[in-house]
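Open the model in your viewer and keep the sequence panel visible. The stops below go from one selection to the next.

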Amino acid sequence: MAFKIPTNNSSKPSSTIELFNKLGKLDRLSLQQGQSLEEYEKLSGNNSDIAIEMPAGHGKTLVGGLIAEFNRVSKGKRVVYCCATRQLASQTHNLLLSYGIKSVLLVNKVKDFSEKDYRLYQRSSSIAVTTYSHIFNTNPAFKDSNLIIFDDAHATEYSINDFWTLEINSYKKNHAEIFNALYSILKDLIPKHTQDKIDYKIHDPLDSVDIIPHPLWIERIESIKELLNVATNKHDGTKKHELSYSWSIIRDYLHACQLYISQDTIAIKPIIAPNKYHSAFNAAQERVYMSATIGANGELERVFGVPDIKRISKFSKGANKVSGRRLLLFPEDHFEQEELPNVLIETIKMQPRVLMLFPSKKSLDRYKEFLIENIPEYTIFLSEDIEDSLDKFKCSEKGILLLAGRYEGIDLKDSDCRLQIIVDLPVAVGISERFLQTRLRVTEILRDRLATRLLQGLGRCTRGTNDYAAVLFVGKNVGEYLNKNDFRKLLPPEIDAELEFGFGQIDNIKDITNWKDSLKLFFDQSHEWEEVEDYIKSTTDQKQQEREEFYKSEESEKFKGIEKCSINEVNFQYSLMEKDYEKCNQEAFCIIENLGRNPIFKGYRALWNYNIACIYNQMGDNNKKISFLNKALSASTNKLWIDRELFELKTEDTFYGNEVEAQLNEIMNKLSTYGDRDKKFERDWDKIIEGLSNKKADIYEVALYGYGTFLGFGTTRPPGKGTPDGIWDFLNYTLVYEAKTNIEDETTAIPLDDIRQAGFHKKWILEHHNSNEERDIKVIILCEKNYIEEYAKHAADDIFLVSPTEFLEKAILYGNILRETIQKLKISTEDDAKQYLATKLVDEKFTILEIIIWLTKLELKTVVN
């Protein structure tokens, strides 16, 4: 007979554990796996969103696979299992098959899907294993799933952020015209210091982000829509403009978005990703979020835009969530800045394969060029090279894998990779988080996200109990977070112990030989390392006890306010989409109430007072709008993030004027990067003072550059001959330096050639420094010679003379102010530190205006012999 007659002898399993036993591929489930599955079954059916924590090495894929297969077999559901990349999807697919779970791999373009496999998914005959991009897409491949399982759920934040953000970058050729057109519409609504950075391309080492006030740009919403409708509709004849897709997502909800701007980017996005407005996400009756580290309550809700996610974790709060052993080191604390490139090169050469993680493609690109130039024998691997498999990297004799915005889903066990470098802590993912970090300093919410990303990142190269890898931290935000105990309490005790050991080596390892010897000792896992292992284990036990006491203390309760806010934040966003402004305010006022008067939530309180002002503006209540904008400014340490002149705001708090406040913000941001690392500050500052005491041009110019950054200037040291020795930019001011320090006889006149060289600098600035005649450009010669000859007077117009000795003495005085400010940042509040700094800048005449007055008090043409 050619036909198969269906039989009824295969009864459907009544539970996930019965399914596991029926599959019979593995001997047993672990205690935590079994408990997690049992609790899932209790929650399923009554809750649409469930998160399950299963640390690396504890069988997360098996748990997710059993849930998927149980729903498919017993309930006839269409199930989608989502992974971050094609490589991870393929890995997951193979694992599911090995467990006896039916799955099909659907990761390519939809038009290239196997029709047979896709139909297997559609009729619930197999689980579809795919990537996040097939859900978060303007034309999603899976619009009718009943259950979505998000593997490595936190990794989804990158796809979700991209999906709900229209990001226009001036440095991209096909974006530049749109950026310039939109900037021209918005320019007069943007803070002056941001305008200058954009107009004159002033270097911003912090990549600061500003928010364009919603009450201002909303009045131009039709002009913005018209521009973007036309601009994104253009195409090259074969495909649409790449921005047309993200614009189509947010176009109808522009009123529910915020606009952010940096030196090279304008972005439009909602506060919370409203995924329930995305059918592929919302159509599923149930969503399960698998993660090695769930993180604080409220974080997943904010990422996925759902008000309530039930959590399942059968691991103690202080349990170690990352397997293996790590040697955590901080090369910037061990070596001088100019030594770091060589240290990194020599360290990389100690291992055949290296993983480097970056928060953004921009920072990745900077390092890529450096590595190609300095270690050409190593092959550079990028995300596209490992999209389907990691094998090429794993098999390379000398390879460096560079990944941006990826802190999950890379499994490099044992000898696959023993060295990892984390460049710039992933404090802020996306432009809105960068705004919270650089302008509002909302560290209380960002620190929880960082802790989760950091744990994910640290587990990439240690995949088992006996696995080990060295991890180097370089770049931004390291001191601001890792050095602080209140942040480290969010990490497992074992990671905290490893960090403490790493910090303890800073004073011990001072040269490259000792550095490499120490790393070799670790890589060899020699007998000497056993002593370190014992120390870390004993410190871990101590940290565990401290954690248990901390979790019982009142101190741990003070952060609960921020966790309670997530449901209101999500509901606020959906009410805003619906233009239900009364409901928006109800949710926003609940957030303010939950935050209370706790000073650690000042920045977040400022943000939500601003959001309330935006709602009152859309309701047409100008008085309340102004009232809450005043509250928003008063609550923030930064007094420039809202332009008080545009709104005619009058706050009761101390305001030093736009120029001084801008300078204060730059200095405070700079000092905050040190965290509790006094010694690193002292070493950096001593290097500046030593450099300003040195007559050699290359040493002096580096110190001149560094000194300017501490004063709040944007500094540049142009390469090449005949260029200025240093440039300091601030708002509309440009100070141009010609340093003549390497002289033998101070009693002679300043040579005419030196004067002429300085005289050409203004022209150079106008031609090469993105400047114009409107800028206030001052040319300064730093020289101990104190006069010129009569015949040189004609060349001395608009040039000023400053003694390097006096310049140094003033820097030494300024160093004392910085030291005390750092101490206040450590033991007091940011507001107290800023208040002290402001008072000293004014009293000691270190404001930008006073500095310029001091530098230009002696005109060169007046010192004729």
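Two strands count as paired if DSSP finds at least two bridges between them. The model is a predicted one, and the tour starts with its strands.

**Strand 5 and its neighbours**

Select strand 5 together with strand 10, residues 286–291. Four bridges link strand 5 and strand 10, and the pairing is parallel. One contact to label is Leu147, whose bridge partner in strand 10 is Glu286.

Now add strand 2, residues 79–83. Strand 2 also runs parallel to strand 5, and four bridges join the two. Here Tyr81 is the residue that stands opposite Ile149 of strand 5.

With the neighbours shown, which residues cover the two faces of strand 5? Leu147 and Ile149 point to one side, Ile148 and Phe150 to the other, and all of these are buried.

**Strand 9, between strands 6 and 8**

Move to strand 9, residues 265–270. Six of its six residues are buried, so strand 9 is largely enclosed by the rest of the structure. Thr265, Ala267 and Lys269 lie on one side, and Ile266, Ile268 and Pro270 on the other; both faces are covered. Lys269, a residue to pick out here, is among the buried ones.

Add strand 8, residues 257–261, which pairs with strand 9 in the antiparallel sense over five bridges. Strand 8 and strand 9 make a hairpin, with three residues between them. Then add strand 6, residues 166–169, which is antiparallel to strand 9 and joined to it by four bridges.

Centre on Ile268. Which residues stand opposite Ile268? From strand 8, Leu259 does; from strand 6, Leu166 does.

**Aromatic pairs**

Next, show the side chains of Phe, Tyr and Trp. How many aromatic pairs does a search of the whole structure find? The search finds 51. Two of these pairs are worth a stop.

Select Tyr118 and Phe142 first. The centres of their rings are 5.9 Å apart and the planes make an angle of 45°, which makes the pair tilted. Tyr118 belongs to helix 5 (residues 115–122), whereas Phe142 is in the loop between strand 4 (127–131) and strand 5 (147–150), so the pair ties together parts that are 24 residues apart in sequence. Phe142 has a relative accessible area of 0% and is therefore buried.

Then select Tyr707 and Phe807. This pair is edge-to-face, with 5.5 Å from centre to centre and 85° between the planes. Tyr707 is part of helix 34 (residues 697–711) and Phe807 part of helix 37 (residues 804–827), so the contact ties together parts 100 residues apart in sequence. Is each ring buried or exposed? Tyr707 is buried at a relative accessible area of 3%, and Phe807 is buried at 2%.

Keep Tyr707 and Phe807 on screen and extend the selection to the aromatic cluster that contains them. Its other members are Tyr674, Phe681, Trp685, Phe710, Phe713, Trp728, Phe730, Tyr737, Tyr814 and Phe846.

**Helices 33 and 34**

Helix 34 leads to the next stop. Show it with helix 33, residues 678–692. The two helices pack at an angle of about 130°, and their axes are 8 Å apart. Angles over 145 degrees count as roughly antiparallel and those from 65 to 115 as roughly perpendicular, and helix 33 and helix 34 are therefore oblique to each other. Their crossing is left-handed.

**Charges over rings**

Select Arg287 and Phe281. The charged end of Arg287 sits over the ring of Phe281, at 4.4 Å from the ring centre. A second case is Arg418, whose charged end sits over the ring of Tyr468, 3.7 Å from the centre.

**Two positive phi angles**

The last stops concern the backbone. Most residues other than glycine have a negative phi.

Select Asp414, which lies in the loop between strand 15 (399–404) and strand 16 (419–423). Asp414 is not a glycine, yet its phi is positive, about 50°. Its relative accessibility is 37%, so Asp414 counts as partly exposed.

Finish at Gln525, in the loop between helix 23 (512–524) and helix 24 (527–552). Gln525 also has a positive phi, about 50°, without being a glycine. At 32% relative accessibility, Gln525 counts as partly exposed.

Note on methods:
Residues numbered from 1 in each chain as written. Predicted model: local features only at pLDDT ≥ 70, side-chain atom pairs only at ≥ 80, totals over all residues. Heavy atoms only, no water. Phe/Tyr/Trp six-rings, centres within 6.5 Å; stacked < 30°, edge-to-face > 60°. Buried < 20%, exposed > 50% of the residue type's maximum accessible area, 1.4 Å probe, protein only. Lys NZ or Arg CZ within 6 Å of the ring centre and 35° of its normal. Axes fitted to C-alpha atoms, helices over the stretch in contact; angles between N-to-C directions. Parallel < 35°, antiparallel > 145°, perpendicular 65-115°, else oblique. Left-handed = near helix turned anticlockwise from the far one by under 90°.
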